[in-house]
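I sat down with this one to look up how its strands pair and what sits around them. Here are my notes, in the order I made them.

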Amino acid sequence: MSGGRGGRSVRVIDKKIKTLGELSRICARLKERGIKVVFAANVHYYEEWGDDKIPGTRPTAAQKAQAERMTTPADAVVADSTYLAGVCRKYNPNVSWVPDAVDTDVYYAAGVRAPEAPCRKVRLIWSGIGKKGYHLELIEDVLMKHRDKIELALVTSPDLPHDPRAAVLTRLERAGVARIVLFSEKTYPGLLRGADVILSPKIL
């Protein structure tokens, strides 16, 4: 699109609809024309380590090579975590960390709650796409042990043939430990505000 002072043009490339190989070729052409290239690094393609079970999340050799081809020549790199920023600096010194944006008009603190029964169950919440539920296996035995003391909401995506949920989510639901709630922008903020604890286990 065009605009701004002097009629400068801005090129916006949605990398969700392009392969990294295509992106690197497009950006090379832009740089040849003197246009600055900023690469947003929000997926860790650079290293492979750990015991992550989530299908389709381990970077391939081709993805690693393409990410390096994008990161190294970029005029600037924006990383969405401090860890990823450190990894990107191995390829390019011009790296900045910008945390994910949060709409504070929608996601805001619960404030002071009205007094509640001291013996009520502890409200827990976990959220993520279905296949990332594998991380809950780290604490599955603890959740099962304390099922009579907790209310657990699992906010997740639909269970689809091409994107099946992790089995642990179904096990927790069938055991009466948790209820599965489909993500909705209308209800999710309220669920977060009503929770006592937000769960975010991670298999490394």
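I began with one pair: Ile 125 has Ile 198 in strand 7 as its bridge partner. Strands here are DSSP runs of E with at least two residues, helices are runs of H or I with at least four, and both are numbered from the N terminus. This is a predicted model, where local features need pLDDT of at least 70 and side-chain atom pairs count only at pLDDT 80 or more, while totals for chains, interfaces and linings use all residues. Residue numbers start from 1 along each chain as its sequence is written, and side-chain values use heavy atoms, with hydrogens and water left out.

**Sheet with strand 7**

I then followed strand 7 to its partner. Strand 4 (residues 122–127) runs parallel to strand 7, and 2 bridges join them. I counted two strands as paired if DSSP finds at least two bridges between them. The whole sheet is open, has 4 strands in the order 6-5-4-7, and its pairing is parallel. Strand 6 (178–182) and strand 7 (197–198) are at the edges with a single partner strand each, so one side of each has no neighbour in the sheet.

I picked Thr 156 next, which belongs to strand 5 (residues 150–156). Is Thr 156 buried or exposed? Its relative accessibility is 2%, so Thr 156 counts as buried. (Buried means under 20% relative accessible area, exposed over 50%, partly exposed in between, with a 1.4 Å probe and protein chains only.) The Thr 156 side chain also reaches the backbone nitrogen of Gly 130, at 3.1 Å. For the record, a polar contact is a pair of N or O atoms within 3.5 Å; within protein, one must be able to donate a hydrogen and the other to accept it, and residues adjacent in sequence count only if both atoms are side-chain atoms.

**The other sheet**

Here 3 strands make an open sheet in the order 1-2-3, again with parallel pairing. Its edge strands, each pairing on one side only, are strand 1 (38–41) and strand 3 (95–97).

I went through the pairings around strand 2 (residues 76–79), which has 4 bridges to strand 1 in the parallel sense. Ala 40 is opposite Val 78, and Ala 41 has Ala 79 as its bridge partner. Strand 2 also pairs with strand 3 in the parallel sense, over 3 bridges. There, Val 78 is partnered by Ser 96.

Which side chains of strand 2 point to one face and are buried? I noted Val 77 and Ala 79; Ala 76 and Val 78 point to the other face and are not buried.

**Rings and Tyr 188**

I looked for aromatic pairs: rings of Phe, Tyr and Trp (its six-membered ring) with centres within 6.5 Å, called stacked with planes under 30 degrees apart, edge-to-face over 60 and tilted for the rest. The count comes to 3 aromatic pairs. Ring pairs join Tyr 107, Phe 183 and Tyr 188 in a cluster.

Tyr 188 got its own note. Tyr 188 is in helix 6 (residues 188–194) and is buried, with a relative accessible area of 12%. Its C-alpha atom is 7.8 Å from that of Val 155, although the two are 33 residues apart along the chain.

My last entry is Arg 193, which lies over the face of Tyr 108 at 4.0 Å from the ring centre. A charge sits over a ring if NZ of Lys or CZ of Arg is within 6 Å of the ring centre and within 35 degrees of the ring normal.
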